[in-house]
Amino acid sequence: MTPLFAQIVSTKKPDGKTYKYLHIVESYREGGTVKKRRVASLGNISQYSEREIEQIIRTLESLLQHRTTGSIDDLETHRVLQFGVPYVVQFLWNQLGLSEAIRHALKDREVTFDVARYVQALVIHRSSKLRLFQTLDDLYLPDAGSEPWQLRHFYRALDYLMDIKPQLERALYSRLTDLLNFKLSLVLYDLTSTHLYGHECPLGEHGYSRTHRPDLEQVELGLLVTPEGIPITHEVFAGNVSDKETVPEILTRLKEQFSVEQCVFVGDRGMVTEKNMALMAEAGFPYIVGFHKRGRIVSDRLLEEFADLTNYVQLKDNLYYLEVPRNRVEDDEKSDGVRYILCYNPEKAAHDAAFRESAMAETEAGLLALAERLMQTRRGRKPTNKGVMLKVADLLTKKGVEAFFHVDYQDGVLTYARDEEALAKEALRDGKFLIRTNTTFPAGDVVLSYKTLMGIERAFRQIKNFLDVGPVYHWNEKRVRGHIFVCVLAYLFEQEMQVLYRRQWQREAEAVRAIEDEKERDREQAELDQRWYSGEAIVRELRRWQAVHATFLGKEFLSVTKASERVRSIVASLGIPMPSKTIWVSESGRVQKMD
């Protein structure tokens, strides 16, 4: 048996810096010469102190049963595990006390398995129950216990989860308010849909499909979040419910389930009805609601009267606003205290104009091709005026530009021209939206609050696509609700990561702004800007962080791969300690941190 031992190798890179690497080296004899060859590399250890390096080497020796001998055949790798997301989510999960909250809520129930264990795995993996069950061995799950997983328990866990949803949401809300130090004074609400397969779910109905699958039944998801995007509560509605019908239930839940007495309700134009306005007033909730450029309330007269952008106040680089007199707004809501704020986003305006011009050009190309075909001599029946104009209507409506063309067909000749007056009026709508509120907030704060609502739309995209809410394959109503609850929980952890990371980023930004030297300040700010991550980007970086399951001289262990600088920065910003480089696996199959 040839001896194996640890060796530190120093390498000087082109940048002038010297890096230290830790290798496992095998000693062997070739002829009369003793030589060494590398068996495995344990990565860059330059960031560790001498004491930490000594501890790593002692750990290796313990794996060798306090011997420094072994064979290359003694080192066997088994599989690579997803480490980054499970490690971070489990830390935050334990910080929120979620397992204890689930077990406490179920304490009076005769439950034969650990529901919290299964829910945690579902939240971490963010996939279907069957796919998760098939790939459990590829996840780092130190809190999973030694009991064998059962597929049926993943489905039953959804049922139990829905039984305790109110208690669990209240417990999460209470713990999050402590950890993130927020008081609920502003809530944002929006609605989306996700489609179902099958026809067995009682909630499944055909309705307005935001997933562009009108052929499938769907359910509606209402989400209520804090200004930082942390989900407070959600509700699943029948697929044919309208936005405005969902508001009363959400308002009732705010007051009764979360004991919220004073807060501002921020919603979109679909929530705006006189009944809902009255309900908000009765509940004591002021409101901020928005009307986008296509709404009747955003009239041509209003846009023409306030077209001069020099009168607008710049809030951010991409956002301007102007509070307009309410007698200039064609709105039936004229109660005391109602205010209107017209907003302009130049980036969105440029996008709207480019999109419209592209649609106009494509339509003109289609009209030209049609005109040329009509000019060609042909046998048989000549095209009728009605038939030609139907083809023209199809071309125009397909691109949504029917209001911007003059088209005529006479004596076999098709002529067309842009309606420049209509186009000029439409250009006034580019990047515009109107906000109505009965709050006394400064106009800039109102606009920022409503702009935050648009972040919920990004949340929905992540919940439906990134977190695999849709499509939903469950047919049982309770399990459809449970599946969506798991996805909202997964999104909650993603948002918590983003909030914690962004707060630390802001603290670093304040320190950078205090630097007196302009060049150094600009350099530090540029470096900081490169580390401005969304929750989705944080999860994407963490997914690259893995662990290797291996055996050496009869000892099972996990070797955590070297975290990138981005991952180290993210983990530090979240206030989470870096894990040990080596994690051992006990005889029971549980993974445990090595001392």
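Select histidine 78, which sits in strand E4. Helices (H or I, at least four residues) and strands (E, at least two) are DSSP runs, numbered from the N terminus. Histidine 78 is partly exposed because its relative accessibility is 38%. On this scale, buried means under 20% relative accessible area, exposed means over 50%, and partly exposed lies in between (1.4 Å probe, protein chains only). Now add valine 548: it is 470 residues from histidine 78 in sequence, but the two C-alpha atoms are 7.5 Å apart in space.

Before going on, note that this is a predicted model, in which local features need pLDDT of at least 70 and side-chain atom pairs count only at pLDDT 80 or more, while totals for chains, interfaces and linings use all residues. Residues are numbered from 1 along each chain as its sequence is written, and side-chain values use heavy atoms, with hydrogens and water left out.

**Aromatic pairs**

Next, select the rings of Phe, Tyr and Trp. Two rings pair if their centres lie within 6.5 Å, using the six-membered ring of Trp; planes under 30 degrees apart count as stacked, over 60 as edge-to-face and the rest as tilted. By this rule the structure holds 15 aromatic pairs. One of them joins phenylalanine 83 and tryptophan 545: the ring centres are 5.0 Å apart and the planes stand at 80 degrees, so this pair is edge-to-face. Which parts does this pair tie together? Phenylalanine 83 is in the loop between strand E4 (75-82) and helix H2 (84-96), and tryptophan 545 is in the loop between helix H17 (535-542) and strand E16 (546-552), so the pair links parts 462 residues apart in sequence. Phenylalanine 83 is buried because its relative accessibility is 0%. Tryptophan 545 is buried as well, at 2%.

Move to tryptophan 149 and phenylalanine 154. Their ring centres are 5.6 Å apart and their planes are at 10 degrees, so this pair is stacked. Phenylalanine 154 has 0% relative accessibility and so counts as buried. Add Phe113, Tyr118 and Tyr160 to the selection: with Trp149 and Phe154 they form one aromatic cluster.

**A hairpin**

Select strand E6 (residues 218-225) and then E7. The two strands pair in the antiparallel sense over 7 bridges; a pairing needs at least two bridges found by DSSP. Look across the pair to see leucine 223 opposite histidine 234 in E7. In a regular strand the side chains alternate between the two faces of the sheet. The hairpin has 5 residues between its strands, and there glycine 229 takes a positive phi near 90 degrees. Is E7 mostly covered or mostly open? It is mostly covered, with 7 of its 8 residues buried.

Tyrosine 189, in strand E5 (residues 186-195), is a useful stop before the cavity. It is buried, with a relative accessible area of 0%. From tyrosine 189 to proline 231 the C-alpha distance is 9.9 Å, with their positions 42 residues apart in sequence.

**The largest cavity**

How many cavities of 30 Å³ or more does the structure hold? There are 3. On a 1 Å grid over the protein atoms alone, a cavity is a set of points where a 1.4 Å probe fits but cannot get out, and lining residues have an atom within 4 Å of a point. The largest has a volume of about 120 Å³, where volume is the space filled by probe spheres set on grid points joined across faces, edges and corners. Select Leu172, Pro231, Ile232, Thr233 and Leu492, which are the closest to its centre of the 15 lining residues. Helix H7 (165-180), strand E7 (231-238) and helix H15 (477-513) are the elements that each give two or more residues to this lining. By class, the lining has 11 nonpolar, 3 polar and 1 charged residues. Here Ala, Val, Leu, Ile, Met, Phe, Trp, Tyr, Cys and Pro count as nonpolar, Asp, Glu, Lys and Arg as charged, and the others, Gly among them, as polar.

**Last stops**

Select aspartate 411, in the loop between strand E13 (405-410) and strand E14 (413-418). Its phi is positive, about 55 degrees, although it is not a glycine. Most residues other than glycine have a negative phi. Aspartate 411 is exposed, with a relative accessible area of 76%.

Finish at lysine 20 in strand E2 (residues 18-30). Lysine 20 is partly exposed, at 30% relative accessibility. Serine 46 is 26 residues from lysine 20 in sequence and 5.0 Å from it in space, C-alpha to C-alpha.

Methods:
1 Å grid on protein atoms, 1.4 Å probe; cavity = no way out; pocket = protein on both sides within 12 Å on 5 of 7 lines; lining within 4 Å.
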